[in-house]
Amino acid sequence: MQATSTLSVFVLLVTAGLAVADTRGLFALPNTNPDLSACASQASVFSCENTSAILDTCCSPTPGGLVLSTQFWSTWTGLEREGQFLPKDSWTLHGLWPDNCDGSFASYCDAKRQFDPKPDSSTTLPPYTGPGVDTFIVDFGRLDLLDYMEKYWINQGAPNKNFWAHEFSKHATCTSTFDVACYGKDYKEHQDVINFYDAAIRAFKQYPTFDMLASFGIVPSNKTTYSLSQIQNALKSQTGALPFLGCTTNGTVLSEVWYFNHVFGTEQFGAFKHLDTTTPSSCSSTAPIRYLERTATSEREVRISL
């Protein structure tokens, strides 16, 4: 998808009558939060740590209570000519996954909310051919959300919006706190989609992987290598738990990280308890690990300078 300026989308919204100014000159955006009023009477516990059944699954992710906030380190996008770049000095968002408490997981749990143009082979659901999920975001007037996603939630080899659709369809539809029923009688179509993207970004911001590694002197380099234990210790010392680290090229090129959590309350707003990974690293424990520099023409500065 070609990059579209926030101003251009703003003009389109106003023209279409989708952005409505309130009396203070600001914009009144549709509410995308679930209706959690019933949760006040429910006992709150960390997911996967309850000793009795969760009575209201809108109040705690069930059974997918092992919540993974996942990120990628890529060096190119393949769509640079279309304006799709990687964020300078930051890893990119992969997703927010609801693994079951035993480490297993479900996927594509709601055929009615299948927006993935290219579903995994794990499902027989047909490819989605309707409007992109980016249009859902615009319809809710969430230009701030769309702008952030275009900067930090980056696909490789295909438009970003396809990746966002994949993550919602495969994972959010298996997370009980994003069930349509949780949004009450005033539910607006795709409200849950927007809510999931906000939640995934909230979790992503808790784990600034680039900065955490850099504070230990671990930075991208095409010359310097690191040991797996160096990288693990740098992240564990700052989060309190050992994340999963993924590597390609026979376990020697760092490419992804998964942060494991139990959540107190909903996946949208609850407090995360960081846990050690339940999945062994795919990185070599003996060979040097390369944390490669990005292709210079594949990244851009997205941070705000004051």
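**Exercise 1. Decide whether His-171 is buried or exposed, and place it in the fold.**

Solution. The relative accessibility of His-171 is 6%, and because buried means under 20%, His-171 counts as buried. The model in which this is read is a predicted one. The next step is to locate the residue along the chain: His-171 sits in the loop that runs between helix H4 (160-170) and helix H5 (191-205). Once neighbours within four places in sequence are left aside, the residues in contact with His-171 are Leu-96, Trp-97 and Pro-98. One of these partners also takes part in a polar contact, since the side chains of His-171 and Trp-97 are joined at 3.3 Å.

**Exercise 2. State which residues UniProt lists for "active site", and work out why they can be said to gather at one spot.**

Solution. The record, an unreviewed UniProt entry, lists His-94, Glu-167 and His-171 under "active site". These residues span 78 residues in sequence, yet no two of their C-alpha atoms are more than 11.3 Å apart, so they gather at one spot. His-94, taken next, belongs to strand E5 and has a relative accessibility of 10%, which places it among buried residues. If residues up to four places away in sequence are not counted, His-94 touches Thr-70, Gln-71, Phe-72, Trp-153, Phe-163, Glu-167 and Glu-256. Glu-167 therefore appears both in the UniProt list and among the residues that His-94 touches.

**Exercise 3. For Asp-89 and Tyr-108, find what is noteworthy in the backbone and decide how far each is exposed.**

Solution. Asp-89 is not a glycine, yet its phi is positive, at about 55°. Tyr-108, likewise a residue other than glycine, has a positive phi near 50°. As for position, Asp-89 is in the loop between strand E4 (86-87) and strand E5 (92-99), whereas Tyr-108 is in the loop between E5 and helix H2 (133-139). The accessible areas then have to be read against the cut-offs of 20% and 50%. With a relative accessible area of 26%, Asp-89 is partly exposed, while Tyr-108, with 8%, is buried.

The loop between E4 and E5 also holds Ser-90, which is buried, with a relative accessible area of 12%. Apart from neighbours within four places in sequence, the contacts of Ser-90 are with Trp-73, Tyr-152, Phe-204, Phe-210 and Arg-294.

**Exercise 4. Describe how strands E7 and E8 pair, and which residue in their hairpin takes a positive phi.**

Solution. Strand E7 covers residues 253-264 and strand E8 covers residues 271-275, and the two pair in the antiparallel sense over five bridges. Within this pairing, Val-263 stands opposite Phe-272, the latter being in E8. Six residues lie between the strands of the hairpin, and it is Gly-265 that takes a positive phi, near 100°.

**Exercise 5. In the loop between E2 and E3, locate the cis peptide bond and describe the surroundings of Cys-58.**

Solution. The bond in question leads from Thr-62 to Pro-63 and is cis, with omega near 0°. Pro-63 is in the loop between strand E2 (27-28) and strand E3 (66-72), and Cys-58 is likewise found in the loop between E2 and E3. Cys-58 has a relative accessible area of 13% and is buried. Not counting residues up to four places away in sequence, Cys-58 touches Leu-36, Cys-39, Ser-176, Thr-177, Ala-181, Cys-182 and Thr-266. A separation in the chain can also be set beside one in space: Cys-58 and Thr-249 are 191 residues apart in sequence, and their C-alpha atoms are 41 Å apart.

**Exercise 6. Find how many cavities of 30 Å³ or more the structure holds, and which residues line the largest cavity.**

Solution. A search of the whole structure gives two cavities of 30 Å³ or more. The volume of the largest cavity is about 40 Å³. Its lining is formed by Phe-72, Ser-74, Trp-76, Thr-77, Leu-86, Thr-92, Ile-154, Asn-155 and Gln-156. Comparing this lining with the earlier contacts, one finds Phe-72 in the lining and also among the residues that His-94 touches.

Notes
Residues are numbered from 1 along each chain as its sequence is written. This is a predicted model: local features need pLDDT of at least 70, side-chain atom pairs count only at pLDDT 80 or more; totals for chains, interfaces and linings use all residues. Side-chain values use heavy atoms; hydrogens and water are left out. Two strands pair if DSSP finds at least two bridges between them. Helices (H or I, at least four residues) and strands (E, at least two) are DSSP runs, numbered from the N terminus. Buried means under 20% relative accessible area, exposed over 50%, partly exposed in between (1.4 Å probe, protein chains only). Contact means heavy atoms within 4.5 Å. UniProt positions are given in the numbering used here, feature names are shortened, and annotations may be inferred rather than shown by experiment. A polar contact is a pair of N or O atoms within 3.5 Å; within protein, one must be able to donate a hydrogen and the other to accept it, and residues adjacent in sequence count only if both atoms are side-chain atoms. On a 1 Å grid over the protein atoms alone, a cavity is a set of points where a 1.4 Å probe fits but cannot get out, and a pocket is an open set with protein on both sides within 12 Å along at least five of seven lines; lining residues have an atom within 4 Å of a point. Grid points are joined across faces, edges and corners, and a volume is the space filled by probe spheres set on the points.
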